[in-house]
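Here is a small set of exercises to work through with the model open beside you. Try each task before you read its solution.

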Amino acid sequence: MSGTDGLTRDQLALRARARELAQEAAAQAAETDRSGQYPWPMVKKMAEAGFTGLTIPREWGGPGGSVLDAVLVVEEFSKACAVCGRIAVEANMGAVGAVMAYGTEAQKKLAAGLVLAGDKPAICITEPEAGSAATEMATTAERRGDRWVINGRKTWITGGGVSRLHLIFARVMEDGAFKGIGGFLVVRDGEGRPEGLVVSRRIPSLGLCGMPEAELEFRELEVADDMVLRAPGGWQRGFGRLIDAYNGQRVGAATVALGLAAGAYEHAVGRANDRRQFGRPIAEFQGLGWMLADMSIEVEAARALVHRAARSAGPAGFPDRLAAAQAKVFASEMAIRVTNTALQVWGAAGYSRDNPMERYLRDARMFAIAGGTAQVLRNQVAEQILGRKLPQTRDGFLRVIAEEGAAGKLAAD
Ligand SMILES: CC(C)(COP(=O)(O)OP(=O)(O)OC[C@H]1O[C@@H](n2cnc3c(N)ncnc32)[C@H](O)[C@@H]1OP(=O)(O)O)[C@@H](O)C(=O)NCCC(=O)NCCSC(=O)CCS(=O)O
Ligand SMILES: Cc1cc2nc3c(=O)[nH]c(=O)nc-3n(C[C@H](O)[C@H](O)[C@H](O)COP(=O)(O)OP(=O)(O)OC[C@H]3O[C@@H](n4cnc5c(N)ncnc54)[C@H](O)[C@@H]3O)c2cc1C
């Protein structure tokens with residue numbers, strides 16, 4: 001861990017508090033991984049310590065922490081137990097961020113109460129046939145009088161079966177016409193409720209095993225009109241505004257990757273000093289010293305990008321999309337490299353399930369996939385730095401050319 005990094009006294013104290021509780025999380029991380037059980041007892045302690053709902057403004061009962069505050073907490077938990085780190089992400093950013101920015105008073109009260117009590121909301125975007133191409137989702141929300149009826153399937157929903165608050169993205173249909181993509185809030189009270197929200201399968205996964213990843217089905221799921229999350233700009237701009245809120249979760253995911261890498265790196269430094277071969281600490285071999293040096297450089301670079309992205313958050317609490325994508329691409333790929341090298345420093349002991357190194361490696365693998373793959377986020381970085389739309393569909397460029405032609409821009413090119 002580097003020094004104060006421009007953090008305030010309060011932030012240093014917050015980080016120290018998180019580090020202390022994270023020691024308890026570290027002690028149960030192997031069991032969480034082995035059992036695949038969601039770490040409810042730890043979640044209770046995190047909520048009691050104020051680490052869930054940290055970003056909820058004071059008027060809604062939270063401490064009004066910043067995105068950077070949340071990032072500091074997420075890194076500490078992720079070093080110890082990445083499942084707990086991810087819980088800290090979603091209990092502070094993403095769906096809850098969208099509600100606190102766009103929600104009605106009643107929606108904000110609901111979401112704030114849930115996360116402050118320890119809920120980790122679920123964000124439901126991805127579908128079997130719409131992953132990177134999220135706007136091609138097929139799930140529909142059809143208006144029927146003063147209610148909405150949702151039908152469709154989502155996949156890889158983090159927290160499916162444990163989360164209470166769900167933010168469901170769906171195609172809005174009114175009078176048989178497609179209006180845009182909207183967000184719908186549903187609270188799961190427990191097994192079988194509401195009836196139309198079905199957790200159909202838990203997906204077995206490589207890492208982060210204590211966190212359920214699930215397929216959800218919406219079968220005539222009824223949502224009252226006052227549970228529609230109406231972002232500014234109307235339905236047509238709905239997806240854009242909702243995904244803007246999601247930039248917070250991208251920074252959160254980058255932070256979990258950072259924490260995993262930092263945790264693995266610290267274990268590698270300790271092992272290099274402790275382990276002796278050829279009559280000397282293996283730390284004395286230059287081959288290892290350079291590996292550790294590179295790891296430290298990569299971890300510090302990722303931390304700088306993550307903090308920069310967190311500090312870019314505007315009044316709504318959403319980080320800048322370019323800074324968020326840059327941080328996530330770098331941190332997610334860095335974490336795969338660093339956790340892999342850290343395992344190498346440990347030798348065979350690192351390969352054993354008796355030690356945490358193989359868990360760090362498995363846990364780190366997801367962040368270049370989930371929350372926007374590294375390739376898709378590079379597309380987003382390219383769009384931003386070039387200042388032009390780079391549509392990915394075959395007909396997309398034709399549309400851009402037509403729009404630019406209509407705006408008289410083509411002549412300039
Ligand atoms: C955005 C994509 C789905 C590409 O789809 P399109 O080509 O159809 O969309 P665009 O025209 O590029 O964008 C539509 C609309 O959204 C605005 N937008 C897009 N990205 C951002 C952003 N990062 N910040 C702010 N606004 C954004 C864009 O300006 C357009 O706005 P207007 O309608 O013009 O106003 C695709 O690029 C993409 O992002 N795919 C990844 C999907 C993804 O991230 N899924 C995450 C699922 S949740 C998850 O994985 C959780 C994991 S974890 O535990 O954290
Ligand atoms: C552990 C985990 C947790 C997740 N949690 C959630 C969640 O809570 N909520 C949710 O909604 N979703 C969640 N997801 C889904 C995640 O957002 C998607 O997996 C991700 O957006 C990629 O979609 P896909 O897996 O369908 O890959 P695809 O889109 O099928 O991509 C396959 C490959 O093609 C590449 N590719 C696709 N399009 C392009 C392009 N235009 N340019 C270059 N390369 C491209 C990709 O980079 C990738 O390598 C989670 C996924 C995982 C693994």
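**Exercise 1. A salt bridge between unequal partners**

Decide whether Arg353 is buried or exposed, then do the same for Glu358.

*Solution.* Keep in mind that you are working with a predicted model.
- Step 1: Arg353 has a relative accessibility of 63%, and because exposed means over 50%, Arg353 counts as exposed.
- Step 2: Glu358 comes out at 10%, so with the buried class set at under 20%, Glu358 is buried.
- Step 3: The two side chains meet in a salt bridge, with 3.6 Å from N to O.
- Step 4: Shared partners can also build something bigger than a pair: Arg19, Glu76, Lys79 and Glu266 are joined by salt bridges into one network.

**Exercise 2. Following Arg362**

Find where Arg362 sits and which residue forms a salt bridge with Arg362.

*Solution.* Begin with the location.
- Step 1: Arg362 belongs to helix H11, residues 357-364.
- Step 2: Arg362 counts as buried because its relative accessibility is 11%.
- Step 3: The salt-bridge partner is Asp33, and the closest N and O atoms are 2.8 Å apart.
- Step 4: This pair ties together distant parts of the chain, since Asp33 lies in helix H1 (residues 9-35), 329 residues from Arg362.
- Step 5: Asp33 is buried too, at 13% relative accessible area.
- Step 6: A polar side-chain atom of Arg362 also lies 3.1 Å from the backbone oxygen of Leu206.

**Exercise 3. A link between two strands**

Work out which strands are joined by the salt bridge of Arg144 and Glu220.

*Solution.* Check the contact, then place its two ends.
- Step 1: The side chains of Arg144 and Glu220 form a salt bridge at 3.1 Å, N to O.
- Step 2: Arg144 is in strand E2 and Glu220 in strand E7 (residues 213-224), with their positions 76 residues apart in the chain.
- Step 3: Arg144 is partly exposed, at 39% relative accessible area.
- Step 4: Glu220 is likewise partly exposed, at 44%.

**Exercise 4. The shell around ligand 1**

Determine how many residues surround ligand 1, which helix gives the most to the shell, and which polar side chains reach the ligand's oxygen atoms.

*Solution.* Go from the whole shell to single contacts.
- Step 1: The shell holds 27 residues, and Arg86, Ser132, Thr135, Arg250 and Gly371 are the closest.
- Step 2: By class there are nine nonpolar, eleven polar and seven charged residues.
- Step 3: Helices H7 (238-274) and H12 (374-386) each supply at least two of them, and H7 gives the most, with nine residues.
- Step 4: An N or O atom in the side chain of Arg250 is 2.7 Å from an oxygen of ligand 1. For Lys389 the distance to a ligand oxygen is 2.9 Å, and for Arg241 it is 3.4 Å.
- Step 5: Ligand 1 on its own has 1,100 Å² of accessible area, of which the protein covers 81%.

**Exercise 5. The shell around ligand 2**

Now identify the residues that come nearest to ligand 2 and the elements that give two or more residues to its shell.

*Solution.* The route is much like the one above.
- Step 1: There are 20 residues around ligand 2, with Thr126, Ser132, Trp156, Thr373 and Gln375 nearest.
- Step 2: They divide into nine nonpolar, nine polar and two charged residues.
- Step 3: The Gln375 side chain places an N or O atom 2.6 Å from an oxygen of ligand 2.
- Step 4: Two contacts involve nitrogen atoms of the ligand: a polar backbone atom of Trp156 is 2.9 Å away, and a polar side-chain atom of Gln392 is 2.9 Å away.
- Step 5: Alone, ligand 2 exposes 970 Å², and the protein buries 66% of that.
- Step 6: The elements with two or more shell residues are strand E1 (122-124), strand E3 (147-158) and H12.

**Exercise 6. Inside and outside**

Explain why helix H5 is described as largely enclosed, and name the residues of the nonpolar surface patch that includes Phe397.

*Solution.* Take the interior before the surface.
- Step 1: Helix H5 (residues 95-102) has eight residues and seven of them are buried, so the rest of the structure largely encloses H5.
- Step 2: The buried ones are Ala95, Val96, Gly97, Ala98, Val99, Met100 and Tyr102.
- Step 3: On the surface, Phe397, Leu398 and Ile401 make up the nonpolar patch, together showing about 300 Å² of accessible area.
- Step 4: Phe397 lies in helix H13 (residues 396-406) and is partly exposed, at 41% relative accessibility.

Definitions and conventions:
Residues are numbered from 1 along each chain as its sequence is written. Chains are lettered from A and ligands numbered from 1 in the order in which they are written. This is a predicted model: local features need pLDDT of at least 70, side-chain atom pairs count only at pLDDT 80 or more; totals for chains, interfaces and linings use all residues. Side-chain values use heavy atoms; hydrogens and water are left out. Patches are made of residues with over 30% relative accessible area and no salt bridge: like charges are joined within 9 Å, nonpolar side chains (Val, Leu, Ile, Met, Phe, Trp, Tyr) within 5 Å. Accessible areas come from the Shrake-Rupley method with a 1.4 Å probe; for residues, only the protein chains shown count as cover. A salt bridge is a side-chain nitrogen of Lys or Arg within 4 Å of a carboxyl oxygen of Asp or Glu. Helices (H or I, at least four residues) and strands (E, at least two) are DSSP runs, numbered from the N terminus. Buried means under 20% relative accessible area, exposed over 50%, partly exposed in between (1.4 Å probe, protein chains only). A residue is near a molecule or strand if one of its heavy atoms lies within 4 Å of it. A polar contact is a pair of N or O atoms within 3.5 Å; within protein, one must be able to donate a hydrogen and the other to accept it, and residues adjacent in sequence count only if both atoms are side-chain atoms. Ala, Val, Leu, Ile, Met, Phe, Trp, Tyr, Cys and Pro count as nonpolar, Asp, Glu, Lys and Arg as charged, and the others, Gly among them, as polar.
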